[in-house]
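Trainee: Hello! I am new to this structure, so could you walk me through a few of its parts?

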Amino acid sequence: MGDKYKVVPEDVVNHPHCQHGPTLLFARTSRNSQDPEFFYGCSACRSRKECPVWIPKDEGSLQSRKTNWSEKHFKFGLSRRTVREKILATKAKHRRYCHDCDSLFSKKDKSARTHIDHDVLVGITDEGLKEPTKFLRPKDDEKTQAQYFFTDETLRTFHRIFRKLGIRKVVCMGAPRLHEYLKIHSNGIQSYLLDIDKRFLDFYGDDEFAWYNMFNNYFFLGNRQQDEFEKFLVDTLNENVLLFVDPPFGCRSEPLTQSIKEISRTFGRLNNANQSLLPVFWIFPYYMENYVKNSMPEMEMCDYKVDYMNHNSYSSDKETSRKFGSPVRIFTNVPLKQIELPESEGYKYCSLCKRWVAAENQHCTYCRDCPSKNGQSYRHCQLCATCVKPNYVHCRSCGRCTQASGHSCAEYQAALNCWICRKRGHSERKCTAWTEILKRTGAKHGASNVRKGKRRCLICSVVGHNEKRCPQRERLLKEVTFLGQVSNIFD
Ligand SMILES: C[S@@+](CC[C@H](N)C(=O)[O-])C[C@H]1O[C@@H](n2cnc3c(N)ncnc32)[C@H](O)[C@@H]1O
Ligand SMILES: [Zn+2]
Ligand SMILES: [Zn+2]
Ligand SMILES: [Zn+2]
Ligand SMILES: [Zn+2]
Ligand SMILES: [Zn+2]
Ligand SMILES: [Zn+2]
Ligand SMILES: [Zn+2]
Ligand SMILES: [Zn+2]
(Lines give C-alpha, C1' and ligand atoms only; values in the text may rest on other atoms or scores of the structure.)
(Ligands and ions follow the chains in the order given, each with its own letter.)
Protein backbone atom coordinates (compact mmCIF):
# COMPACT_ATOMS: atom_id res chain seq x y z
CA MET A 1 0.00 0.00 0.00
CA GLY A 2 0.99 3.58 -0.46
CA ASP A 3 2.64 3.03 -3.84
CA LYS A 4 1.56 5.32 -6.64
CA TYR A 5 1.21 4.21 -10.23
CA LYS A 6 1.20 6.61 -13.14
CA VAL A 7 0.79 5.73 -16.78
CA VAL A 8 3.57 7.16 -18.93
CA PRO A 9 1.82 8.82 -21.86
CA GLU A 10 3.56 7.36 -24.88
CA ASP A 11 2.70 5.38 -27.98
CA VAL A 12 2.17 1.71 -27.07
CA VAL A 13 3.02 0.29 -30.51
CA ASN A 14 6.44 -0.99 -29.49
CA HIS A 15 5.45 -2.18 -26.02
CA PRO A 16 5.46 -5.89 -25.17
CA HIS A 17 2.07 -7.59 -25.36
CA CYS A 18 0.03 -9.49 -22.82
CA GLN A 19 -3.15 -11.33 -23.72
CA HIS A 20 -4.91 -7.91 -23.69
CA GLY A 21 -2.72 -6.36 -26.38
CA PRO A 22 0.11 -3.85 -25.92
CA THR A 23 0.95 -3.19 -22.29
CA LEU A 24 1.17 0.30 -20.81
CA LEU A 25 4.36 1.73 -19.37
CA PHE A 26 3.83 2.51 -15.67
CA ALA A 27 5.94 4.54 -13.28
CA ARG A 28 5.68 3.29 -9.72
CA THR A 29 6.78 5.48 -6.86
CA SER A 30 6.87 4.02 -3.40
CA ARG A 31 6.93 5.97 -0.20
CA ASN A 32 10.51 4.93 0.54
CA SER A 33 12.05 5.90 -2.73
CA GLN A 34 11.99 9.06 -4.80
CA ASP A 35 12.96 7.45 -8.08
CA PRO A 36 10.10 5.81 -9.91
CA GLU A 37 10.39 2.24 -11.09
CA PHE A 38 9.33 1.81 -14.71
CA PHE A 39 7.62 -1.36 -15.85
CA TYR A 40 5.20 -2.63 -18.49
CA GLY A 41 1.87 -3.74 -17.05
CA CYS A 42 -1.52 -4.86 -18.32
CA SER A 43 -3.73 -2.10 -19.72
CA ALA A 44 -7.02 -3.85 -19.01
CA CYS A 45 -6.71 -5.61 -15.63
CA ARG A 46 -5.88 -3.82 -12.47
CA SER A 47 -5.44 -7.02 -10.56
CA ARG A 48 -2.27 -8.99 -11.12
CA LYS A 49 -4.15 -12.15 -10.29
CA GLU A 50 -5.96 -11.89 -13.60
CA CYS A 51 -3.11 -10.73 -15.75
CA PRO A 52 0.24 -11.02 -14.04
CA VAL A 53 2.34 -9.29 -16.69
CA TRP A 54 5.01 -7.10 -15.09
CA ILE A 55 8.08 -6.50 -17.20
CA PRO A 56 10.87 -4.14 -16.13
CA LYS A 57 11.30 -1.45 -18.77
CA ASP A 58 14.80 -2.63 -19.77
CA GLU A 59 13.55 -6.13 -20.59
CA GLY A 60 10.61 -4.96 -22.69
CA SER A 61 12.06 -5.62 -26.12
CA LEU A 62 13.19 -9.15 -25.20
CA GLN A 63 9.82 -10.16 -23.82
CA SER A 64 7.71 -8.82 -26.63
CA ARG A 65 8.57 -11.72 -28.93
CA LYS A 66 7.90 -14.49 -26.44
CA THR A 67 4.21 -15.18 -26.85
CA ASN A 68 2.49 -14.48 -30.07
CA TRP A 69 -0.86 -13.47 -28.72
CA SER A 70 -2.12 -11.92 -31.93
CA GLU A 71 -1.83 -15.25 -33.74
CA LYS A 72 -3.81 -16.94 -30.95
CA HIS A 73 -6.47 -14.26 -31.08
CA PHE A 74 -6.73 -14.49 -34.83
CA LYS A 75 -7.30 -18.24 -34.71
CA PHE A 76 -9.85 -17.83 -31.97
CA GLY A 77 -11.65 -15.17 -34.04
CA LEU A 78 -11.84 -17.50 -37.03
CA SER A 79 -13.21 -20.37 -34.97
CA ARG A 80 -15.94 -18.17 -33.47
CA ARG A 81 -16.90 -16.90 -36.92
CA THR A 82 -17.41 -20.49 -38.05
CA VAL A 83 -19.56 -21.20 -34.98
CA ARG A 84 -21.65 -18.09 -35.56
CA GLU A 85 -22.31 -18.88 -39.18
CA LYS A 86 -23.27 -22.44 -38.33
CA ILE A 87 -25.63 -21.40 -35.54
CA LEU A 88 -27.39 -18.88 -37.75
CA ALA A 89 -28.22 -21.75 -40.08
CA THR A 90 -29.42 -23.97 -37.20
CA LYS A 91 -33.04 -24.23 -36.06
CA ALA A 92 -33.78 -22.18 -32.94
CA LYS A 93 -34.82 -25.25 -30.93
CA HIS A 94 -31.39 -26.81 -31.45
CA ARG A 95 -29.44 -23.71 -30.48
CA ARG A 96 -27.73 -23.80 -27.09
CA TYR A 97 -25.57 -21.47 -25.06
CA CYS A 98 -23.15 -22.82 -22.47
CA HIS A 99 -22.49 -20.32 -19.69
CA ASP A 100 -19.60 -22.38 -18.35
CA CYS A 101 -17.76 -22.50 -21.68
CA ASP A 102 -18.98 -19.11 -22.92
CA SER A 103 -20.04 -20.49 -26.26
CA LEU A 104 -22.93 -21.06 -28.60
CA PHE A 105 -23.36 -24.58 -29.93
CA SER A 106 -25.91 -26.78 -31.59
CA LYS A 107 -27.55 -29.81 -30.05
CA LYS A 108 -26.47 -31.63 -33.22
CA ASP A 109 -22.76 -30.88 -32.74
CA LYS A 110 -20.59 -33.93 -32.09
CA SER A 111 -19.05 -32.03 -29.20
CA ALA A 112 -22.45 -31.22 -27.62
CA ARG A 113 -21.85 -34.00 -25.08
CA THR A 114 -18.99 -32.06 -23.52
CA HIS A 115 -21.55 -29.63 -22.07
CA ILE A 116 -23.69 -32.28 -20.43
CA ASP A 117 -23.12 -31.20 -16.84
CA HIS A 118 -22.77 -27.53 -17.71
CA ASP A 119 -25.06 -24.58 -17.21
CA VAL A 120 -26.75 -24.51 -20.62
CA LEU A 121 -29.51 -22.32 -22.03
CA VAL A 122 -31.69 -24.21 -24.49
CA GLY A 123 -33.48 -22.93 -27.60
CA ILE A 124 -32.28 -19.49 -28.63
CA THR A 125 -34.56 -17.67 -31.03
CA ASP A 126 -33.48 -15.23 -33.73
CA GLU A 127 -34.62 -12.42 -31.40
CA GLY A 128 -32.54 -13.95 -28.61
CA LEU A 129 -29.45 -13.88 -30.80
CA LYS A 130 -29.98 -10.16 -31.23
CA GLU A 131 -30.11 -9.50 -27.48
CA PRO A 132 -27.34 -11.56 -25.90
CA THR A 133 -27.00 -9.23 -22.89
CA LYS A 134 -30.47 -10.42 -21.84
CA PHE A 135 -29.07 -13.87 -21.07
CA LEU A 136 -25.29 -13.62 -20.88
CA ARG A 137 -24.09 -13.57 -17.29
CA PRO A 138 -22.74 -10.05 -16.67
CA LYS A 139 -19.03 -10.11 -15.95
CA ASP A 140 -19.05 -8.37 -12.63
CA ASP A 141 -15.45 -8.24 -11.65
CA GLU A 142 -14.98 -4.66 -10.40
CA LYS A 143 -11.34 -4.64 -11.34
CA THR A 144 -11.69 -5.64 -14.97
CA GLN A 145 -14.87 -5.79 -16.95
CA ALA A 146 -17.55 -4.63 -14.48
CA GLN A 147 -20.54 -5.14 -16.77
CA TYR A 148 -23.47 -3.09 -15.60
CA PHE A 149 -26.35 -2.64 -18.00
CA PHE A 150 -28.53 0.44 -18.48
CA THR A 151 -32.20 0.39 -17.49
CA ASP A 152 -34.74 0.62 -20.31
CA GLU A 153 -35.66 4.13 -19.21
CA THR A 154 -32.05 5.31 -19.50
CA LEU A 155 -31.75 3.63 -22.90
CA ARG A 156 -34.90 5.42 -24.09
CA THR A 157 -33.51 8.74 -22.90
CA PHE A 158 -30.20 8.21 -24.73
CA HIS A 159 -32.13 7.30 -27.85
CA ARG A 160 -34.24 10.46 -27.61
CA ILE A 161 -31.13 12.62 -27.06
CA PHE A 162 -29.42 11.10 -30.11
CA ARG A 163 -32.50 11.73 -32.25
CA LYS A 164 -32.72 15.37 -31.19
CA LEU A 165 -29.02 15.83 -31.96
CA GLY A 166 -29.49 14.34 -35.41
CA ILE A 167 -27.10 11.47 -34.65
CA ARG A 168 -27.39 8.64 -37.16
CA LYS A 169 -24.40 6.50 -36.17
CA VAL A 170 -23.25 5.57 -32.67
CA VAL A 171 -20.01 3.86 -31.73
CA CYS A 172 -20.85 1.94 -28.54
CA MET A 173 -17.52 1.53 -26.76
CA GLY A 174 -18.14 -0.75 -23.78
CA ALA A 175 -21.91 -0.42 -24.21
CA PRO A 176 -23.34 -3.73 -25.48
CA ARG A 177 -26.86 -3.18 -24.17
CA LEU A 178 -27.06 0.21 -25.86
CA HIS A 179 -25.88 -1.42 -29.09
CA GLU A 180 -28.67 -3.98 -28.89
CA TYR A 181 -31.24 -1.38 -28.02
CA LEU A 182 -30.36 0.86 -30.95
CA LYS A 183 -30.41 -2.07 -33.35
CA ILE A 184 -33.86 -3.16 -32.26
CA HIS A 185 -35.63 0.07 -31.40
CA SER A 186 -34.15 2.81 -33.47
CA ASN A 187 -35.15 3.29 -37.02
CA GLY A 188 -32.28 4.91 -38.71
CA ILE A 189 -29.56 4.97 -36.04
CA GLN A 190 -26.79 2.53 -36.86
CA SER A 191 -24.54 1.20 -34.14
CA TYR A 192 -21.09 -0.40 -33.90
CA LEU A 193 -19.95 -2.17 -30.73
CA LEU A 194 -16.37 -2.10 -29.44
CA ASP A 195 -15.92 -4.34 -26.38
CA ILE A 196 -13.31 -6.51 -24.72
CA ASP A 197 -15.90 -9.20 -24.03
CA LYS A 198 -15.13 -11.79 -26.68
CA ARG A 199 -18.41 -13.62 -26.09
CA PHE A 200 -19.99 -11.15 -28.54
CA LEU A 201 -18.00 -12.76 -31.38
CA ASP A 202 -20.60 -15.55 -31.27
CA PHE A 203 -23.43 -13.11 -31.94
CA TYR A 204 -22.13 -10.29 -34.11
CA GLY A 205 -20.28 -10.09 -37.41
CA ASP A 206 -17.35 -7.81 -38.18
CA ASP A 207 -19.70 -5.24 -39.68
CA GLU A 208 -21.10 -4.40 -36.23
CA PHE A 209 -18.66 -5.61 -33.58
CA ALA A 210 -14.94 -5.53 -32.94
CA TRP A 211 -13.20 -7.28 -30.08
CA TYR A 212 -11.39 -4.28 -28.71
CA ASN A 213 -9.48 -2.92 -25.73
CA MET A 214 -10.35 0.69 -24.92
CA PHE A 215 -7.21 1.28 -22.83
CA ASN A 216 -4.70 0.71 -25.63
CA ASN A 217 -6.96 1.21 -28.65
CA TYR A 218 -6.20 -2.37 -29.64
CA PHE A 219 -8.18 -4.47 -32.11
CA PHE A 220 -7.61 -8.10 -31.09
CA LEU A 221 -8.38 -9.40 -34.58
CA GLY A 222 -6.25 -6.79 -36.32
CA ASN A 223 -7.23 -5.32 -39.67
CA ARG A 224 -10.02 -7.82 -40.17
CA GLN A 225 -12.16 -5.80 -37.71
CA GLN A 226 -10.33 -2.49 -37.61
CA ASP A 227 -10.99 -1.90 -41.32
CA GLU A 228 -14.69 -2.64 -40.85
CA PHE A 229 -14.82 -0.25 -37.93
CA GLU A 230 -13.17 2.48 -39.98
CA LYS A 231 -15.75 1.93 -42.72
CA PHE A 232 -18.40 2.61 -40.10
CA LEU A 233 -16.68 5.87 -39.12
CA VAL A 234 -16.85 7.22 -42.66
CA ASP A 235 -19.57 9.83 -42.68
CA THR A 236 -20.47 10.58 -46.26
CA LEU A 237 -24.12 11.49 -45.80
CA ASN A 238 -23.84 13.84 -42.81
CA GLU A 239 -24.92 11.04 -40.53
CA ASN A 240 -23.41 12.71 -37.47
CA VAL A 241 -21.37 10.01 -35.79
CA LEU A 242 -21.16 9.95 -31.98
CA LEU A 243 -18.70 8.05 -29.79
CA PHE A 244 -20.40 6.69 -26.68
CA VAL A 245 -18.10 5.31 -23.98
CA ASP A 246 -19.19 3.52 -20.80
CA PRO A 247 -16.00 2.24 -19.18
CA PRO A 248 -15.63 0.31 -15.94
CA PHE A 249 -15.62 3.06 -13.31
CA GLY A 250 -12.47 1.95 -11.55
CA CYS A 251 -10.52 2.47 -14.75
CA ARG A 252 -7.70 4.91 -15.40
CA SER A 253 -8.87 7.90 -17.36
CA GLU A 254 -5.58 8.82 -19.12
CA PRO A 255 -5.23 5.75 -21.35
CA LEU A 256 -8.94 5.85 -22.14
CA THR A 257 -8.55 9.49 -23.17
CA GLN A 258 -5.68 8.48 -25.45
CA SER A 259 -7.93 5.98 -27.21
CA ILE A 260 -10.77 8.50 -27.53
CA LYS A 261 -8.32 10.97 -29.05
CA GLU A 262 -6.92 8.38 -31.43
CA ILE A 263 -10.39 7.46 -32.63
CA SER A 264 -11.21 11.15 -33.02
CA ARG A 265 -8.07 11.60 -35.13
CA THR A 266 -8.96 8.61 -37.29
CA PHE A 267 -12.42 10.04 -37.65
CA GLY A 268 -10.97 13.39 -38.74
CA ARG A 269 -8.64 11.70 -41.23
CA LEU A 270 -11.49 9.70 -42.78
CA ASN A 271 -13.89 12.62 -43.03
CA ASN A 272 -11.69 15.66 -43.43
CA ALA A 273 -14.25 17.95 -44.96
CA ASN A 274 -17.53 16.65 -43.62
CA GLN A 275 -17.49 16.64 -39.85
CA SER A 276 -14.31 17.51 -38.05
CA LEU A 277 -15.24 17.17 -34.38
CA LEU A 278 -16.31 13.78 -33.11
CA PRO A 279 -19.04 14.22 -30.47
CA VAL A 280 -18.30 12.11 -27.40
CA PHE A 281 -20.50 10.91 -24.53
CA TRP A 282 -18.35 9.54 -21.73
CA ILE A 283 -20.35 7.96 -18.92
CA PHE A 284 -18.66 8.36 -15.53
CA PRO A 285 -19.55 9.21 -11.91
CA TYR A 286 -19.85 12.93 -11.05
CA TYR A 287 -17.09 12.63 -8.47
CA MET A 288 -14.62 11.71 -11.22
CA GLU A 289 -15.20 15.07 -12.92
CA ASN A 290 -11.64 16.27 -12.25
CA TYR A 291 -10.15 13.21 -13.91
CA VAL A 292 -12.21 13.71 -17.04
CA LYS A 293 -11.55 17.45 -17.16
CA ASN A 294 -7.82 17.09 -16.59
CA SER A 295 -7.47 14.89 -19.61
CA MET A 296 -10.24 16.41 -21.76
CA PRO A 297 -10.91 19.99 -20.61
CA GLU A 298 -13.55 20.46 -23.30
CA MET A 299 -15.87 17.93 -21.63
CA GLU A 300 -18.80 19.30 -19.60
CA MET A 301 -20.94 17.35 -17.16
CA CYS A 302 -24.63 16.94 -17.91
CA ASP A 303 -27.10 16.57 -15.02
CA TYR A 304 -28.76 13.42 -16.35
CA LYS A 305 -28.60 10.54 -13.85
CA VAL A 306 -27.62 7.37 -15.69
CA ASP A 307 -29.35 4.29 -14.24
CA TYR A 308 -28.14 0.70 -14.21
CA MET A 309 -30.20 -2.43 -13.67
CA ASN A 310 -27.77 -4.71 -11.90
CA HIS A 311 -25.93 -2.24 -9.71
CA ASN A 312 -27.45 -0.99 -6.48
CA SER A 313 -25.26 2.02 -6.02
CA TYR A 314 -25.58 3.22 -9.59
CA SER A 315 -29.33 3.37 -9.79
CA SER A 316 -32.12 5.69 -8.79
CA ASP A 317 -34.41 2.82 -7.82
CA LYS A 318 -36.15 3.93 -4.64
CA GLU A 319 -35.90 0.54 -2.95
CA THR A 320 -32.25 -0.23 -3.42
CA SER A 321 -30.77 3.07 -4.10
CA ARG A 322 -28.62 5.76 -2.81
CA LYS A 323 -30.77 8.60 -1.54
CA PHE A 324 -29.94 11.09 -4.26
CA GLY A 325 -30.22 8.86 -7.28
CA SER A 326 -27.47 7.42 -9.41
CA PRO A 327 -24.14 9.27 -9.19
CA VAL A 328 -23.34 8.48 -12.83
CA ARG A 329 -23.47 11.28 -15.41
CA ILE A 330 -22.74 12.05 -19.06
CA PHE A 331 -19.56 14.00 -19.80
CA THR A 332 -19.62 15.47 -23.27
CA ASN A 333 -18.16 17.91 -25.76
CA VAL A 334 -21.66 18.53 -27.19
CA PRO A 335 -22.98 21.95 -26.01
CA LEU A 336 -25.15 21.17 -22.96
CA LYS A 337 -28.00 23.36 -24.17
CA GLN A 338 -28.54 20.84 -26.97
CA ILE A 339 -28.98 17.92 -24.61
CA GLU A 340 -32.66 17.93 -23.82
CA LEU A 341 -33.53 15.95 -20.68
CA PRO A 342 -36.91 14.34 -19.95
CA GLU A 343 -39.40 16.66 -18.23
CA SER A 344 -41.38 13.59 -17.23
CA GLU A 345 -38.50 12.73 -14.87
CA GLY A 346 -38.38 16.25 -13.43
CA TYR A 347 -35.55 17.69 -15.50
CA LYS A 348 -36.02 21.37 -16.45
CA TYR A 349 -34.37 23.96 -18.65
CA CYS A 350 -32.49 26.74 -16.88
CA SER A 351 -32.68 29.71 -19.21
CA LEU A 352 -29.90 31.49 -17.30
CA CYS A 353 -27.42 28.61 -17.55
CA LYS A 354 -28.79 27.62 -20.94
CA ARG A 355 -28.82 23.92 -20.16
CA TRP A 356 -31.13 21.20 -18.88
CA VAL A 357 -30.73 20.48 -15.17
CA ALA A 358 -32.07 18.08 -12.55
CA ALA A 359 -35.26 18.85 -10.61
CA GLU A 360 -33.43 19.59 -7.36
CA ASN A 361 -30.78 21.79 -8.97
CA GLN A 362 -31.65 25.38 -8.02
CA HIS A 363 -30.14 28.31 -9.84
CA CYS A 364 -27.94 30.49 -7.60
CA THR A 365 -27.90 34.16 -8.55
CA TYR A 366 -24.59 34.74 -6.73
CA CYS A 367 -22.77 31.88 -8.48
CA ARG A 368 -24.71 32.40 -11.73
CA ASP A 369 -24.98 28.66 -12.01
CA CYS A 370 -27.14 25.65 -11.22
CA PRO A 371 -24.42 24.26 -8.97
CA SER A 372 -25.64 20.86 -7.76
CA LYS A 373 -23.59 17.87 -8.82
CA ASN A 374 -24.55 15.09 -6.45
CA GLY A 375 -28.35 15.09 -6.66
CA GLN A 376 -28.99 17.35 -3.65
CA SER A 377 -30.10 21.02 -3.63
CA TYR A 378 -27.03 23.06 -2.80
CA ARG A 379 -27.23 26.35 -0.83
CA HIS A 380 -25.11 29.45 -1.13
CA CYS A 381 -22.65 30.15 1.69
CA GLN A 382 -21.80 33.86 1.89
CA LEU A 383 -18.57 33.13 3.76
CA CYS A 384 -17.27 30.72 1.10
CA ALA A 385 -18.92 32.78 -1.66
CA THR A 386 -19.91 29.57 -3.34
CA CYS A 387 -22.68 26.98 -3.22
CA VAL A 388 -22.15 24.00 -0.96
CA LYS A 389 -23.84 20.72 -0.08
CA PRO A 390 -26.89 21.39 2.12
CA ASN A 391 -25.62 19.52 5.18
CA TYR A 392 -22.25 21.29 5.25
CA VAL A 393 -21.35 23.73 8.05
CA HIS A 394 -18.99 26.66 7.71
CA CYS A 395 -15.75 26.45 9.70
CA ARG A 396 -14.32 29.94 10.18
CA SER A 397 -10.88 28.69 10.99
CA CYS A 398 -10.62 26.74 7.72
CA GLY A 399 -12.61 29.27 5.70
CA ARG A 400 -14.63 26.49 4.14
CA CYS A 401 -17.89 24.65 4.50
CA THR A 402 -17.43 21.00 5.31
CA GLN A 403 -19.01 17.99 7.00
CA ALA A 404 -20.02 18.86 10.55
CA SER A 405 -19.17 15.61 12.25
CA GLY A 406 -15.60 14.54 12.80
CA HIS A 407 -14.10 17.80 11.50
CA SER A 408 -10.55 18.46 12.61
CA CYS A 409 -9.18 21.81 11.41
CA ALA A 410 -5.58 20.57 11.36
CA GLU A 411 -6.39 17.47 9.31
CA TYR A 412 -8.72 19.37 7.03
CA GLN A 413 -6.22 22.12 6.33
CA ALA A 414 -3.44 19.64 5.62
CA ALA A 415 -5.53 18.32 2.72
CA LEU A 416 -6.94 21.67 1.65
CA ASN A 417 -6.09 23.27 -1.70
CA CYS A 418 -5.40 26.99 -1.27
CA TRP A 419 -7.73 29.06 -3.45
CA ILE A 420 -4.95 31.57 -4.15
CA CYS A 421 -1.87 29.53 -5.12
CA ARG A 422 -3.80 26.26 -5.67
CA LYS A 423 -1.18 24.35 -3.68
CA ARG A 424 -2.12 21.83 -1.04
CA GLY A 425 -1.77 22.12 2.74
CA HIS A 426 -2.96 25.58 3.78
CA SER A 427 -5.88 27.98 3.56
CA GLU A 428 -5.86 31.36 1.78
CA ARG A 429 -5.20 33.31 4.95
CA LYS A 430 -2.07 31.26 5.52
CA CYS A 431 -0.79 31.50 1.98
CA THR A 432 2.83 32.53 2.49
CA ALA A 433 3.57 32.51 -1.24
CA TRP A 434 0.99 35.23 -1.73
CA THR A 435 2.14 37.23 1.33
CA GLU A 436 5.69 37.19 -0.07
CA ILE A 437 4.51 38.63 -3.37
CA LEU A 438 2.49 41.30 -1.59
CA LYS A 439 5.50 42.22 0.51
CA ARG A 440 7.67 42.61 -2.57
CA THR A 441 5.15 44.86 -4.27
CA GLY A 442 4.52 46.82 -1.09
CA ALA A 443 0.82 45.90 -1.01
CA LYS A 444 -0.88 44.86 2.21
CA HIS A 445 -2.33 41.43 2.83
CA GLY A 446 -5.85 42.09 4.05
CA ALA A 447 -6.06 40.59 7.53
CA SER A 448 -9.49 39.07 7.13
CA ASN A 449 -11.30 37.39 4.32
CA VAL A 450 -14.69 38.20 5.85
CA ARG A 451 -16.42 41.54 5.84
CA LYS A 452 -19.94 42.12 7.19
CA GLY A 453 -20.71 38.43 7.08
CA LYS A 454 -19.55 38.03 3.48
CA ARG A 455 -16.46 36.70 1.80
CA ARG A 456 -13.82 39.25 0.96
CA CYS A 457 -11.40 38.18 -1.75
CA LEU A 458 -7.78 38.22 -0.59
CA ILE A 459 -6.50 38.82 -4.11
CA CYS A 460 -8.47 41.93 -5.10
CA SER A 461 -10.16 42.86 -1.75
CA VAL A 462 -13.62 43.00 -3.29
CA VAL A 463 -16.46 41.54 -1.22
CA GLY A 464 -18.78 38.91 -2.69
CA HIS A 465 -16.53 36.42 -4.45
CA ASN A 466 -13.79 34.03 -3.43
CA GLU A 467 -10.20 33.85 -4.66
CA LYS A 468 -10.88 30.92 -6.96
CA ARG A 469 -13.37 32.96 -8.94
CA CYS A 470 -11.55 36.30 -8.68
CA PRO A 471 -11.91 38.17 -11.98
CA GLN A 472 -8.42 39.63 -11.38
CA ARG A 473 -6.67 36.24 -11.16
CA GLU A 474 -5.40 36.22 -14.71
CA ARG A 475 -3.97 39.71 -14.44
CA LEU A 476 -2.58 39.68 -10.89
CA LEU A 477 -1.42 36.06 -10.72
CA LYS A 478 -0.49 35.83 -14.41
CA GLU A 479 -2.57 32.73 -14.57
CA VAL A 480 -2.78 30.82 -17.82
CA THR A 481 -4.88 27.70 -18.37
CA PHE A 482 -3.87 25.49 -21.27
CA LEU A 483 -5.35 22.06 -21.95
CA GLY A 484 -6.54 21.78 -18.37
CA GLN A 485 -3.12 22.68 -16.90
CA VAL A 486 -2.86 25.89 -14.92
CA SER A 487 0.33 27.89 -14.60
CA ASN A 488 0.80 31.09 -12.59
CA ILE A 489 3.34 33.19 -10.66
CA PHE A 490 3.61 30.56 -7.95
CA ASP A 491 5.11 27.89 -10.22
C1 LIG B 1 -20.07 -0.60 -17.14
S2 LIG B 1 -20.25 -1.77 -18.47
C3 LIG B 1 -21.18 -0.83 -19.57
C4 LIG B 1 -22.40 -1.50 -20.20
C5 LIG B 1 -23.42 -0.47 -20.61
N6 LIG B 1 -23.90 0.20 -19.44
C7 LIG B 1 -24.60 -1.04 -21.34
O8 LIG B 1 -25.67 -1.20 -20.75
O9 LIG B 1 -24.47 -1.27 -22.56
C10 LIG B 1 -18.62 -1.75 -19.11
C11 LIG B 1 -18.43 -2.45 -20.47
O12 LIG B 1 -17.08 -2.22 -20.87
C13 LIG B 1 -16.51 -3.44 -21.30
N14 LIG B 1 -15.07 -3.34 -21.03
C15 LIG B 1 -14.42 -3.51 -19.85
N16 LIG B 1 -13.10 -3.33 -20.00
C17 LIG B 1 -12.92 -3.03 -21.32
C18 LIG B 1 -11.77 -2.75 -22.10
N19 LIG B 1 -10.56 -2.75 -21.58
N20 LIG B 1 -11.95 -2.49 -23.41
C21 LIG B 1 -13.19 -2.52 -23.98
N22 LIG B 1 -14.30 -2.80 -23.28
C23 LIG B 1 -14.17 -3.04 -21.97
C24 LIG B 1 -17.21 -4.51 -20.51
O25 LIG B 1 -17.14 -5.75 -21.17
C26 LIG B 1 -18.62 -3.93 -20.41
O27 LIG B 1 -19.39 -4.35 -21.50
ZN1 LIG C 1 -3.24 -8.24 -19.68
ZN1 LIG D 1 -19.86 -26.07 -21.60
ZN1 LIG E 1 -29.07 27.84 -13.77
ZN1 LIG F 1 -24.07 30.07 -5.01
ZN1 LIG G 1 -18.97 28.26 3.86
ZN1 LIG H 1 -11.95 23.85 10.48
ZN1 LIG I 1 -1.58 29.34 -1.09
ZN1 LIG J 1 -11.06 38.98 -6.23
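Trainee: How are the donor residues of the zinc ion (ligand 7) spaced in sequence?

Mentor: Good place to start, and keep in mind that this is a predicted model. The zinc ion (ligand 7) is coordinated by C395 (SG), C398 (SG), H407 (NE2) and C409 (SG), at 2.1 to 2.4 Å. Read along the sequence, these donor residues give the spacing C-x2-C-x8-H-x1-C.

Trainee: Why does the pair C395 and H407 tie together parts that are apart in sequence, and how many residues apart are those parts?

Mentor: Look at where each one sits. C395 belongs to strand 22 (residues 393–395), while H407 is in the loop between strand 23 (400–402) and helix 9, so the pair ties together parts whose separation in sequence is 12 residues.

Trainee: Is H407 buried, partly exposed or exposed?

Mentor: Buried means under 20% relative accessible area, and exposed means over 50%. C395, at 12%, counts as buried. H407 has 27% relative accessibility, so it counts as partly exposed.

Trainee: Which geometry does the site of the zinc ion (ligand 8) have?

Mentor: Its protein donors are C418 (SG), C421 (SG), H426 (NE2) and C431 (SG), lying 2.1 to 2.3 Å from the ion. Four donors count as tetrahedral if all angles lie between 85 and 135 degrees. Here the angles among the 4 donor atoms are 103 to 114°, and the site of the zinc ion (ligand 8) is tetrahedral.

Trainee: What spacing do the donors of the zinc ion (ligand 8) follow along the chain, and how many residues apart are the parts tied by C418 and C431?

Mentor: The spacing along the chain is C-x2-C-x4-H-x4-C. Both C418 and C431 lie in the loop between helix 9 (409–414) and helix 10 (432–441), so the parts this pair ties together are apart in sequence by 13 residues.

Trainee: Is C431 buried or exposed?

Mentor: C418 has 1% relative accessibility and counts as buried. With a relative accessible area of 0%, C431 is buried.

Trainee: Let's move to the sheet. Which strands stand at the edges of the open sheet with the order 8-7-9?

Mentor: The sheet has 3 strands, and their pairing is antiparallel. Two of them have a single partner strand each, so one side of each is left without a neighbour in the sheet: strand 8 (103–106) and strand 9 (120–122).

Trainee: What is the bridge partner of Y97 in strand 8?

Mentor: Strand 7 (residues 95–98) and strand 8 run antiparallel and are joined by 4 bridges. In strand 8, the residue that partners Y97 is L104.

Terms used
Residues are numbered from 1 along each chain as its sequence is written. Chains are lettered from A and ligands numbered from 1 in the order in which they are written. This is a predicted model: local features need pLDDT of at least 70, side-chain atom pairs count only at pLDDT 80 or more; totals for chains, interfaces and linings use all residues. Side-chain values use heavy atoms; hydrogens and water are left out. Donors are N, O and S atoms within 2.8 Å of the metal (3.2 Å for Na, K and Ca); water is not among the atoms, so sites may look incomplete. Four donors count as tetrahedral if all angles lie between 85 and 135 degrees; four count as square planar and six as octahedral if opposite donors are over 155 degrees apart and all others between 65 and 115; anything else is irregular. Helices (H or I, at least four residues) and strands (E, at least two) are DSSP runs, numbered from the N terminus. Buried means under 20% relative accessible area, exposed over 50%, partly exposed in between (1.4 Å probe, protein chains only). Two strands pair if DSSP finds at least two bridges between them.
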